[in-house]
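Hi everyone, thanks for coming. I'd like to walk you through one structure today, so please have a look at it while I talk.

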Amino acid sequence: MKLLVTGGAGFIGSNFVMYMLEQYPDYEIVNVDALTYAGNLENLKSLEGNKRHTFIKADITDAAQMDRLIGQGVDVVVSFAAESHVDRSIMEPDVFVRTNVNGTQALLEAAKKHNITKFVQVSTDEVYGSLGPTGLFTEDTPLQPNSPYSASKAGGDMLVRAYHETFGLPVNITRCSNNYGPLQFPEKLIPLMISRALNDEALPVYGDGLNIRDWLYVEDHCSAIDLVIHKGRNGEVYNIGGNNERTNIHIVKTILEQLGKPESLIQYVQDRLGHDRRYGIDPTKTMTELGWKPKHNFETGIKETIQWYLDNKDWWTRIQSGAYQEYYEKQYGAR
Ligand code: NAD
């Protein structure tokens, strides 16, 4: 099987590419990534020399190039490529619409033309909006995105749905909760707090710190997408979540405790605009219909993740210094 994976130099995409190549010794992956600030080829170092993995630097909004690449015998498209950081979407919404809406449409058009057998859109629970103290997001929860990021993801999802309803494209949409694990860009909560704490810098916590996220270990996310590719019913949405709701302040205190740093580093800052209060995923459909079960328990998963960032300080300091961007030039010439 030949997969075209977009965004495979980012956090979840790179974990997914490595996971699939290991699971399926006869699969081939074309990995398409524009290498924005969030794309890091160093994430894929372990695949150097692997003939089943081809990296192509390309932008998913480039319709002609997506057409050419998907036209080269691709069976399945799995799309992770996105602008993914909510704070950046508040400052700069236009690039979010460009990649997350227009880019998705360019991929769908190429997928339709070349009769692929599956198109998986990797989306987010944030399209459902915010929950009160009770209840969980199901696949039937109405979409009520609150940030430019989630609105642009919802826009992409709606196009995916429309290509199924209108053209019969064999699609699935997955909506997962917050991922954690190795290789996450250090602007996101867990790696950001770890790196700042290690430098004895203040840890900025939005509002009262009581916003709740439902944490999912990245490898468990990858195994769910694997099942969706092979067993998902066309046109269906699958929610993926680990039933691990934790407040942000709980996460920050866990990090400080494991690193042996004082809670006095915590600094409450003005809340994020439109900050969703609570996300919680009901993954029953994915578990019962596809037989998915997360392997990682949160308490051990978070400890292992913190340890990974301690063991791979070089990886994230190279991101913070910008040095990771030189890697592409060394491998492939100027960016
Ligand atoms: P990330 O920001 O780490 O990676 C995104 C990747 O997409 C980067 O490698 C970047 O270079 C690439 N990219 C961006 N714009 C592109 C373009 N126009 N053309 C080609 N490549 C482009 O993101 P992530 O955390 O790995 O998230 C992957 C997907 O999962 C996203 O679609 C995101 O919406 C979704 N998601 C993430 C989380 C999470 O907790 N990280 C939760 C729910 C959903």
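**Around the ligand**

Let's start with the residues that form the shell around the ligand: 13 are nonpolar, 13 are polar and four are charged. Before I go on, please keep in mind that this is a predicted model. In it, 30 residues surround the ligand, and the closest are Gly-7, Gly-10, Ala-34, Gly-39 and Ala-82. Which elements give two or more residues to that shell? They are H1, H4 and strand E5, which covers 118-124. The largest share comes from H1, with three residues.

Now to the sheet. As a reminder, strands of a sheet pair through backbone hydrogen bonds, either parallel or antiparallel. Here, seven strands form an open sheet, and the pairing is parallel. If you want to trace the sheet on your screen, follow the order E3-E2-E1-E4-E5-E6-E11. Which strands stand at the edges? Those are E3 (53-57) and E11 (236-240); each has a single partner strand, so one side of each is left without a neighbour in the sheet. From one strand to the next, the twist averages 20°.

Let's zoom in on the E11 end. Strand E6, residues 171-176, is joined to E11 by five bridges, and the two run parallel. If you look for Cys-176, you'll find it opposite Ile-240 in E11.

Next, the helices, and I've picked three pairs. H1, which we met at the ligand, spans residues 11-23, and it packs with H7, residues 218-231. Their axes are 9 Å apart and the angle is about 60°, so H1 and H7 are oblique to each other. The crossing of this pair, H1 and H7, is right-handed. On the H1 side, the contact is made by Ile-12, Asn-15, Phe-16, Tyr-19, Met-20 and Gln-23. They meet Val-218, Glu-219, His-221, Cys-222, Ile-225 and Asp-226 in H7. Sorted by type, the residues of this contact of H1 with H7 are seven nonpolar, three polar and two charged.

The second pair is H4, residues 93-113, with H5, residues 148-167. How far apart are their axes? The answer is 8 Å, with an angle of about 15°, and H4 and H5 are therefore roughly parallel to each other. Their crossing, H4 with H5, is right-handed. There are many residues to point at here: from H4, Phe-96, Val-97 and Leu-108 are among them, and from H5 the contact includes Tyr-149, Leu-159 and Phe-167. In this contact of H4 with H5, eleven residues are nonpolar, six are polar and two are charged.

H4 also takes part in the third pair, packing with H2, residues 63-70, at an angle of about 35° and with axes 9 Å apart. H2 and H4 make a right-handed crossing. Ala-63, Met-66, Asp-67 and Ile-70 in H2 meet Ala-106, Leu-107, Glu-109, Ala-110, Ala-111 and Lys-113 in H4. How many polar residues does the contact of H2 with H4 have? There are no polar residues in it, with seven nonpolar and three charged.

That's my tour, and thank you for listening!

Note on methods: Residues numbered from 1 in each chain as written. Predicted model: local features only at pLDDT ≥ 70, side-chain atom pairs only at ≥ 80, totals over all residues. Axes fitted to C-alpha atoms, helices over the stretch in contact; angles between N-to-C directions. Helix = DSSP H or I, 4+ residues; strand = E, 2+ residues; numbered from the N terminus. Parallel < 35°, antiparallel > 145°, perpendicular 65-115°, else oblique. Left-handed = near helix turned anticlockwise from the far one by under 90°. Contact = placed C-beta atoms within 7 Å. Nonpolar A, V, L, I, M, F, W, Y, C, P; charged D, E, K, R; others polar. Pairing = 2+ DSSP bridges. Near = placed C-beta within 6 Å.
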